[in-house]
Amino acid sequence: RQLGSRILNEANDLKRTISHIATAIGVDLEFINAIIEGEAEVGLAREIIQKMVEVYPIQFQDLWMSVDDTLSGLLHFSYKQSMESSRIIPRRDKNGELTPYYEYFDTAMGRRGPFRPEKIVGLRDVNDNNALNPDVSYDNGHLMQQTTLFIGEVNFYYQVRDKKHCIVTRTGDSNVITAFCPHSFASRNLDKKALVLACTFKSDVRYAVDDITNSKHEIMDFCGDLRIPSQGFEKRLKRFMDEELLDENDVFEFLVQNGVAKDRASQIISPTRNESNTATTDELKLLCKLLSCKVEELIVTDLEEKDEVVFQRKQPSRPFPVDNPTYEITPLARSVHQSHLKSFIFEVLPNANPGHTLKVSSHQFIYNYGSVSCVVNWTHHQAGKGSKKLEPGDSVYIEPFVTHRFDIYGSNEEFSEDRVDWITKIPTLYVVRLPSMLTDRVCVDFAAIANTGKPRVGFETMQW
């Protein structure tokens with residue numbers, strides 16, 4: 001039925017009735033109606049969509065939906081499944097030999113989620129904390145951004161603006177790494193635990209990669225470099241000017257006519273060239289009148305060196321909720337450039353029977369890195385309820401708006417030291433939250449839709 005809804009929605013966008021669509025793609029009307037009513041096989045829906053793509057200027061992915069691989073909004077990935085995914089990654093050592101460097105393990109990845117999380121065990125021992133140690137092999141970075149939880153005797157290495165750094169980490173430390181930033185991890189003591197939970201995730205750039213690919217020769221100048229103070233603002237202002245068919249002289253004259261001094265008008269238009277600050281709030285409001293945009297659309301935060309890799313030592317925890325707490329939560333590394341990325345350590349308290357109920361608009365990745373099991377209970381507003389034991393080394397992916405909680409597991413258990421990532425007295429979870437495509441811009445656009453039409457978004461039921 002959801003595929004049928006998308007077909008009906010696309011027909012409305014193309015200003016065609018379902019009858020018009022059937023005639024154009026050469027199929028019986030009853031077949032399309034069966035899809036819209038949710039009474040046809042998925043294979044038939046795929047065939048109809050493919051025919052529409054061949055006839056109309058639309059993309060297959062605009063109509064097709066990936067198969068939901070969750071159980072009522074939650075996907076559980078066991079320790080056993082994780083162990084079965086083990087693979088060794090070799091890197092060159094100081095002698096130029098390819099030797100084992102990492103052991104990778106998959107964790108919970110939902111098909112509709114933005115995460116590609118993994119557990120990584122360091123296999124190479126380093127005898128110092130030197131960022132230039134020849135036994136440390138930096139990678140070349142990757143398109144996905146990353147947030148990391150450190151466990152055990154791990155050194156974290158990274159390179160920013162041609163300078164290499166080494167941080168001696170402790171359990172509970174965390175970071176956020178920008179895309180394509182070279183980095184590495186290594187063990188300080190192979191006789192002790194040395195691993196990271198690396199949660200890579202899709203940013204807006206990853207979702208826009210088709211447009212970027214088609215604009216490869218223009219995109220760098222189009223976007224600029226946030227590392228150059230005020231250039232991000234300057235490039236954004238230029239994009240709005242181009243869209244309105246305005247040049248610098250037009251904007252200069254407008255600012256001067258509205259009481260801005262000539263020298264200041266030049267600085268506003270080109271703060272990078274004039275080594276000046278970007279526009280004030282009042283100046284931005286003036287520009288918005290000319291450019292027909294909102295103030296927040298002209299605000300750009302520069303990327304300082306400290307923001308390219310954000311590292312945070314483990315902070316004190318706090319009880320949650322304040323009244324009758326059932327969890328201790330510890331916020332982990334934050335980045336102003338990924339403001340909706342939120343990660344935590346959740347410790348499930350002995351009185352969590354039941355635990356406090358949670359529901360967020362984010363996709364969530366959760367991994368039990370402690371030595372005590374808990375139970376995750378959840379309810380999907382359409383698909384029903386579920387309950388799953390979360391043992392050490394297990395992980396889950398939870399879809400947005402799924403009500404869930406973490407409860408203490410009833411009986412005492414013993415797990416081998418090899419099985420457990422870190423010895424804890426209570427269930428200890430690594431939690432990462434991301435909004436995926438439910439960005440602030442999407443929420444604002446949705447909020448502006450006519451109230452009578454909001455229920456039809458994604459669930460179209462009628463002709464325009």
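# A walk through the chain

Phe-401 sits in the loop between β18 (395-398) and β19 (403-408). Let's start our tour there, keeping in mind that this is a predicted model. What makes the backbone at Phe-401 worth a look is its phi, which is positive at about 65 degrees although the residue is not a glycine. Most residues other than glycine have a negative phi, and most peptide bonds are trans. As for its surroundings, Phe-401 is partly exposed, because its relative accessible area of 45% falls between the 20% and 50% cut-offs.

Leu-245 is another non-glycine residue with a positive phi, this one near 55 degrees. You'll find Leu-245 in the loop between α10 and α11. Is it buried or exposed? Leu-245 counts as exposed, because its relative accessibility of 76% is over the 50% cut-off.

Before going further, step back and take in the whole chain. It has 464 residues, and 46% of them count as buried. There are 15 helices and 20 strands to find your way around. Taken along the principal axes, the C-alpha atoms fill a box of roughly 70 × 65 × 55 Å. If you look at contacts between residues at least 6 apart in sequence, 70% of them join residues at least 24 apart.

Now back to the helix that follows Leu-245's loop. Leu-245 lies between α10 and α11, and α11 covers residues 248-257. Asp-247 caps the N-terminal end of α11, with a side-chain oxygen 3.1 Å from the backbone nitrogen of Asn-249. Which residues of α11 are buried? They are Val-251, Phe-252, Phe-254 and Leu-255. These four lie on the same side of α11, because they cover an arc of only 165 degrees around the axis. On the other side of the helix, Asn-249 and Gln-257 are exposed. Several helices help to cover the buried residues of α11, including α10 (231-243), α12 (262-269) and α13 (281-291). Just after α11 comes Gly-259, where phi is positive at about 95 degrees.

Two prolines give us the next stop. A cis peptide bond joins Phe-320 and Pro-321, with omega at about -10 degrees. Pro-321 belongs to the loop between β12 (318-320) and β13 (327-331). Further along, Asn-353 and Pro-354 are also joined by a cis peptide bond, and here omega is about 10 degrees. Look for Pro-354 in the loop between β14 (342-348) and β15 (363-368).

The loop between β13 and β14 holds His-340. This histidine counts as partly exposed, because its relative accessibility of 36% falls between the 20% and 50% cut-offs. What does His-340 touch, leaving aside its neighbours within four places in sequence? Its contacts are Arg-433, Leu-434, Pro-435 and Asp-440. Asp-440 is 100 residues away from His-340 along the chain, yet their C-alpha atoms are separated by 9.4 Å. The two side chains make a polar contact at 3.0 Å.

Finally, have a look at the empty spaces. How many cavities of 30 Å³ or more are there? The count comes to 1, and the volume of this largest cavity is about 40 Å³. Its lining includes Tyr-102, Ile-120, Val-154, Phe-185 and Leu-195. The elements that give two or more residues to that lining are β4 (115-122), β9 (183-187) and β10 (194-201). By type, the lining residues of the cavity divide into 9 nonpolar, 2 polar and no charged.

The second largest pocket has a volume of about 2,400 Å³. It is lined by 48 residues, of which Arg-6, Met-65, Arg-112, Met-437 and Leu-438 are the closest to its centre. Among the elements giving two or more residues to this lining are α1 (2-13), α7 (204-207) and α15 (440-448). Which element gives the largest share? That is α1, with 5 residues. The lining of this pocket divides into 20 nonpolar, 15 polar and 13 charged residues.

Conventions: Residues numbered from 1 in each chain as written. Predicted model: local features only at pLDDT ≥ 70, side-chain atom pairs only at ≥ 80, totals over all residues. Heavy atoms only, no water. 1 Å grid on protein atoms, 1.4 Å probe; cavity = no way out; pocket = protein on both sides within 12 Å on 5 of 7 lines; lining within 4 Å. Points joined across faces, edges and corners; volume = space filled by probe spheres on them. Nonpolar A, V, L, I, M, F, W, Y, C, P; charged D, E, K, R; others polar. Buried < 20%, exposed > 50% of the residue type's maximum accessible area, 1.4 Å probe, protein only. Arc of directions from axis to C-beta. Contact = heavy atoms within 4.5 Å. Polar contact = N/O pair within 3.5 Å; in protein donor to acceptor, adjacent residues only side chain to side chain.
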